[in-house]
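Reader: I'd like to go through the aromatic rings in this one. Can you walk me through the reasoning behind each label?

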Amino acid sequence: MASINIYLRFALIAVFLLGGLGLAFAVSFWYALPLILIGLVLLTGYFLLGTVQSSALFIQAADIDGAEKRLALTYMPQWLFKPNCAAYYMLKGTICAQRQDYEGAEKYFMQAQQTGLSSDNERAMIYLSLANFRAQKNNWAGAENYMRQLRELKITEPTIKEQMKEMEKAMKQRGQVNAQLRQGFRGFTPGGKRPRPKMR
């Protein structure tokens, strides 16, 4: 979907609104009305759409700094359309994750989830990220909880399906390691005496 460059949008808003007001005072309000209406439409579009779309393009280009700066130009995230608001928090979480600020990423991903995501693919991205964060903290029960919710979704994106398989594989291997550790310690009592060899 095509979008107006944010700086061009700001310039057009200023030109139409200020030009319209100047024309209204100099000539007539009715002559200035079309200019003012165009300026208001552009301003309303900014508040409802924000800079989410252009920020996502920076993310796709792996320009995290550019994405962060562009996303910062969204003045009031809570005024965005619901899907855009959820996408805003997802992008904020992605930026935090790229900077290895996992607590910040988790906070923003949870906000995106609470705001309301438009598709199961988006929900899957959130659950997969949260499961990964839990696994990194060695909280495998928490990771499994998110994976269980993930399995209930109808995922159509091949990349997400592949990442889900990798996560399932990692969790399965973790379970095998734990089982082997339990078997290795079976029958051994910490602090107990070792059996003495038989005397000949």
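Author: Sure, here are the ring contacts and how they get their names; keep in mind that this is a predicted model.

Reader: How many aromatic pairs does the structure hold?

Author: There are 9 aromatic pairs.

Reader: Why is the pair of Phe47 and Trp79 called edge-to-face?

Author: Their ring centres sit 5.2 Å apart, and pairing needs centres within 6.5 Å. The planes meet at 65 degrees, and over 60 counts as edge-to-face, so that's the label the pair gets.

Reader: What makes this pair tie together parts that are apart in sequence?

Author: Phe47 belongs to helix H2 (residues 29–49), while Trp79 is in the loop between helix H4 (64–71) and helix H5 (82–98), so the parts joined are 32 residues apart.

Reader: Why does Phe47 count as partly exposed?

Author: Its relative accessibility is 24%, and partly exposed runs between the 20% and 50% cut-offs. Trp79, at 46%, also counts as partly exposed.

Reader: What makes the pair of Phe109 and Phe133 stacked?

Author: The planes are 15 degrees apart, and under 30 degrees counts as stacked. Centre to centre, Phe109 and Phe133 are at 6.1 Å. This pair links helix H6 (residues 102–115), home of Phe109, with helix H7 (residues 120–136), home of Phe133.

Reader: Are Phe109 and Phe133 buried or exposed?

Author: Both are buried, meaning under 20% relative accessible area.

Reader: And which residue lies over the face of Tyr108?

Author: Lys107 does, at 4.6 Å from the ring centre; the distance limit for that is 6 Å.

Notes:
Residues are numbered from 1 along each chain as its sequence is written. This is a predicted model: local features need pLDDT of at least 70, side-chain atom pairs count only at pLDDT 80 or more; totals for chains, interfaces and linings use all residues. Side-chain values use heavy atoms; hydrogens and water are left out. Rings of Phe, Tyr and Trp (its six-membered ring) pair if their centres lie within 6.5 Å; planes under 30 degrees apart count as stacked, over 60 as edge-to-face and the rest as tilted. Helices (H or I, at least four residues) and strands (E, at least two) are DSSP runs, numbered from the N terminus. Buried means under 20% relative accessible area, exposed over 50%, partly exposed in between (1.4 Å probe, protein chains only). A charge sits over a ring if NZ of Lys or CZ of Arg is within 6 Å of the ring centre and within 35 degrees of the ring normal.
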